[in-house]
Structures are given as C-alpha cells and as structure tokens.
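Me: Could you take a close look at the inside of this one for me? I'd like to know what fills the interior and where there is empty space.

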Amino acid sequence: MHLPLRTRVAATLLTAAVAAATMAAAAPAAATAAAPADSGHAASTDPVVVTYEENDAAIANPARGWYKHTETHSRADGSGWTALDAATLASYREQGITQILRVVYLERYVDADLDAQLLDALTADFQTAREAGVSVILRFAYVQGGAWPYTPPYGDATVERTLSHIQQLTPLLRANADVIEVVQNGFVGLWGEGYYTDHFVADPANPGVVTEEDWANRTAVTEALLAALPESRSVQVRTMLSKQQAFDRPTGAAGALTEAEGFSGSPVARVGHHNDCFLAAPDDWGTFLSDPLSLDQEYLEADTRFVPMGGETCNVNPPRSEWASASAEMARYHYSYLNRDYNQDVLNSWGAGNLVEVAKNLGYRFVLKQSRVTGGPAPTLEIDVRNEGWAAPYNERPAYVVLDGPEGRVTLPLGDARTWAPGETTTVSVSLATVPAGRYTASLALPAAEPSIAADPRFAIQTANVGTWVAADGVNDLQQTIELSTPAAVAKPRIAADGSDVRVSFSAPSTEGSSPLSGYRVALTSASGQSRILEVGATASQATFEDVPAGRWRATVTAVNGQGDAEASPRSATAVVHPGRRTHGE
C-alpha cells in the first residue's frame, strides 16, 4: 500500500457561490402541504393524509456531510498542542458543517505512558466540541510525514506501547463517546495510515511486504480499539484488506457484511473504512489491493451499507477525479463524510453547484413524503420517509413519534433509523390504540441515542422538508392533529337481587371511541358506603356479584378502551339484599 505525500494545506472556506447557495436554502418558507381542516379524528376509518414538500437545502445534520480537518501535537519540547476553539467550531456550524476530523499526534509519548496533562487536554477538547454541537472523527498517530522520500526510522511506537496507550485511553473514549462519531484505526505509521511503520512490518525499508505476524499485530490494534470503545461505536480501517485479514473474510461481495450481521454490534459489524486517497489513481494509491481491483470495489460497495465510510481526495486524476465519476463513487460506496479542506484542486474541479450536492447527499438525507392517520378498530399513524442520501446513519439513531397533548408528551418508538436505506422509501407505523384520550399534535423525533446529548437539538436529525423543523425542540412537525377518545358513557344499567346475588345488566355504549372496547368496569355501591368492583370483557352485557352482604345497592358501569375510561354510567335503581337470604352455602 503506497500512500502519497500529503501536504496539509490551510483550510479553505466554501466559495462565496457555494456558501450563498447552501445558506440561502437553509431558511425554508412555511410548508404548503396540509391536512384537511377536520384532520385528526381517529374514530374515522378514512385516513387523514398529509403530504410534505422537500427542502432543496443542504441540511446541517449530525455525523454526515463535509468535515473540517483539525490536528494537534505533543512534541518532545512541549510545543504543538492546539486546543479546540469554541468560536472556530461555531463558525463551522454556520457553514453547515457539524463534524471535524481530530488527529492527535502523540510524538512525545512514543516511548512513554500517556500522562494526566494529555488526558485532561483531550477531555477539554471533547467538552468544547459538545458545547459547540460538533462531533468528532478521531484518530491518533505518533508521527506526521515530512519531505519525500520517506525512510526509516519513521518514528511510530512499538506494538506493546501502542496497545498500552489504547488501554490508557479507554476510560476517556467511553466517557466521550457521545461526541465521538467513529475512531479511525490510526496509531500505525506516518499519519496513522498504516504504511510507513517501524514496528508493524518485518522490514521498515520495504513496508509493502506485510507478514502474517505483522497482520496479527495490526489486528491487535483494531481489536484493542474495539474493546476500548462502547459497542455503539465503530473503528475505521484504511484498506479493505485490513478488515479482511482481521476477520478472515474474502474480498468481493461474498466477504462483506450480510443483512444479518449489519448493525448487530459484533466486532466485524463495527469495522468500517476510510479512503484518504479517494479518486487519486485506479487503486487509490494502495487502497484497493485485490486482483482484480473490482473485487475490493464490490466488497466496499456491499460492506458500507452497514458501516461508516468517509475520507478525502488527494490528487487530480481526470476523468476519475471529475464530478461524474466522483459523485457516482460516493453513492456507490455510501460515503458519509468528506474533507472540505483537501484536495482543493479536486474539489474545485467539481464546480460550486456540485459542491452543494455533496453537502446535501453525503450520508443520510431523510425526506418526509407522506403521513396517514387511520382510525377505526386499529388506529395507527404511518409515515413514509425517503432516504435521498448516499448512506444510512452508521451509529444507532432511535426514531420516535412524539405526541403532545393536554396531559403532556407521549413518545412511541419507531425503531432504528439506520435501517432507512439510501435510495429507498421506508414506511414506519405506530399503533395509537393505547394512547390516552386527548387532542395531540404529532412530530417525528430522531434524537441522539446518548442520554447526555439526546435533548440537544443540534444532535438531532432534521428532515429535508419545508416548514417542518421545530428547532427549539429538535423534532419534525408532521402537521397532523390526532384526536383520541374514550367510549361514550353506558346508559343507565339495570339491577336485580336474587338472594345474595346481584346481577347488573347493561347495553354497549353508543360509540366505542378511537379504539375497540377492551371491557367494562362494573361498580356496586351500598347505601352504607361498601363497594365491590367486577371487570368483564368487551362482549359482556351483564355482571353478577355473588354473596353480596345485606343492604341497599346501586350500580354504575364504565366502558373502557385503549384510550382509557369513559364517563361512568348513571346510577342504577336500588336492589335490596335482605339479611339471611343467601344464594350460596357457607
């Protein structure tokens, strides 16, 4: 795997044309689609349908889109540490960029344990990112490449030191996983990209030859990172061969993750890919290593349906580096992120309008198409969501219907939005049969899975629609009003005493409400304040109380459905149970 010299250039902001096109589109007008005026009465079996207008803007959503490159150093002389800056991160968000690549160089720790100074500085960085609403693609490395040609010793750490450092980083990674999108394998070689290395090849002067022992050592680093991270986070490797070697998988589509493995949380399902020489050459300078190259290409296409994929361009290579090929490959390989800073010559060749298309389509792009509320025997809410992006979310993303009503908020789970595949329309539905009675507005919520940021709208997903985003709450207004009701009150019941038994007869209510009857609650109350309760099924028309004490008794009947209890019926006439008149034996 031969990786090129990469001179990191200063960050270049979006051109004025791209910024204007992106930011102007981000301020949508009011939605034009609406429900009928009497929308939401779920007792009707006719669905109430709302259709939605797509917003053509690039949406600044979490864990997708352009990223900005940042790096910091821990040089032997103590220089080089550049902390994340809140104002700079805020400026990225203003550009519609919600994520950074953070490369942490550990130069002075190559022969030493990590210390509290470094760990505290990293903790402060993550807190700065959290407060700014920005997430982090993280990589550690020991050495940055200098002038070509590269000759050993390169300066990375031993296998043992690398594994020890990962162990030291484990509490930090777990504590800040909420703002860490993914961790790149890093550590090995120049830039942490696994090629020019002193300790992970048998002969550093010939780094293209990787022995079985070398692969075992590289796999140990990947496994250590997987163990250091919570199961909700993934590791990205630099070449497909790295994953194939680690999990003994063949190249080609046959070696990629299956539907059953995808998003399973198993180690193989938690290893994704990054290509930092995207479009540079036929093999992207050692990224695709199969023979023929098409096997690794087919493998990557299939594997990235379920794992994170991203990277950067690094070399002008027409026609492959031009827009037609670039956009087709980003879609094929399910790119979720791309470096906005590098390579400017490649990016600028795409044109301002197409750079906006990249901002729109990297990762997921959820568009509400239609929702339907259906009443009758099984009241439901259905939502059609199309993913117009190039990928699905790669971290867990819970989806909910949120109903806001007179008694507060009801949240109904819809599953994991990672399954909303690119290029497909997914229909999700929830039953309304057990929602308490009331008049509700409905929203689609896609918050972060992590409790620490779940309530932060900046980490929630906004659909690409006009007039639906409620920024203060971080939810997408479905523009549906849903009215759910309990049954009508049962008419005055009839009551009769037979010895010590009391029988209460009643008729079904005139309406069942928004959902089918689940039963009746029959209450028997004496003049002296005694009471008895019987619950009977939805098809019942009477209830018999046995061994009722002597006294004067009256009854009420309450119909019940999924929304709750109806108003109790009027009280029945009085039935008298006389002393000593027992229907049943002692």
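Reply: In this predicted model, the largest nonpolar core is built from 68 residues, and Met330 and Trp350 have the most contacts inside it. Take Met330: leaving aside residues up to four places away in sequence, it touches Trp350 itself, along with Phe278, Trp323, Tyr335, Leu338, Val358, Leu362 and Trp390. There's also a second, separate core, this one of 30 residues, with Tyr364, Leu412, Tyr440 and Leu484 among them.

Right after Trp350 in the numbering you get to Gly351, which sits in the loop between helix H9 (344-349) and helix H10 (352-361). Is Gly351 buried, exposed or partly exposed? Its relative accessibility is 26%, so it counts as partly exposed, given that buried means under 20% and exposed over 50%. If you want a distance across the fold, the C-alpha atoms of Gly351 and Ala132 are 30 Å apart, with these positions 219 residues apart along the chain.

Now the empty space. Searching the whole structure turns up 3 cavities of 30 Å³ or more. The largest holds about 200 Å³. Its lining takes in 21 residues, and those nearest the centre are Pro62, Ala63, Arg233, Asn395 and Arg397. Sorted by class, that lining is 13 nonpolar, 6 charged and 2 polar residues.

The second largest cavity comes to about 50 Å³. Around it you'll find the run Thr304, Arg305, Phe306, Val307, Pro308 and Met309, then His334 and Ser336, and finally Ala391, Ala392, Pro393 and Tyr394. Here the count is 8 nonpolar, 3 polar and 1 charged.

One helix is worth a stop on the way: H6, residues 240-247, whose buried residues are Met240, Ser242, Lys243 and Gln244. So what covers them? The cover includes helices H5 (212-228) and H7 (293-303), plus strands E6 (235-237) and E7 (271-278). As for the spacing, residues three or four places apart on an α-helix point the same way, because there are 3.6 residues a turn. After H6 comes Asp248, and its phi is positive, near 55°.

Last, the far end of the numbering discussed here: UniProt, in an unreviewed entry, lists residues 486-580 as "domain: Fibronectin type-III". In the model that span is 48% strand and 0% helix, and its end C-alpha atoms lie 41 Å apart.

Conventions:
Residues are numbered from 1 along each chain as its sequence is written. This is a predicted model: local features need pLDDT of at least 70, side-chain atom pairs count only at pLDDT 80 or more; totals for chains, interfaces and linings use all residues. Side-chain values use heavy atoms; hydrogens and water are left out. A nonpolar core is a set of buried Ala, Val, Leu, Ile, Met, Phe, Trp, Tyr and Cys residues joined through side-chain atoms within 4.5 Å. Buried means under 20% relative accessible area, exposed over 50%, partly exposed in between (1.4 Å probe, protein chains only). Contact means heavy atoms within 4.5 Å. On a 1 Å grid over the protein atoms alone, a cavity is a set of points where a 1.4 Å probe fits but cannot get out, and a pocket is an open set with protein on both sides within 12 Å along at least five of seven lines; lining residues have an atom within 4 Å of a point. Grid points are joined across faces, edges and corners, and a volume is the space filled by probe spheres set on the points. Ala, Val, Leu, Ile, Met, Phe, Trp, Tyr, Cys and Pro count as nonpolar, Asp, Glu, Lys and Arg as charged, and the others, Gly among them, as polar. UniProt positions are given in the numbering used here, feature names are shortened, and annotations may be inferred rather than shown by experiment. Helices (H or I, at least four residues) and strands (E, at least two) are DSSP runs, numbered from the N terminus.
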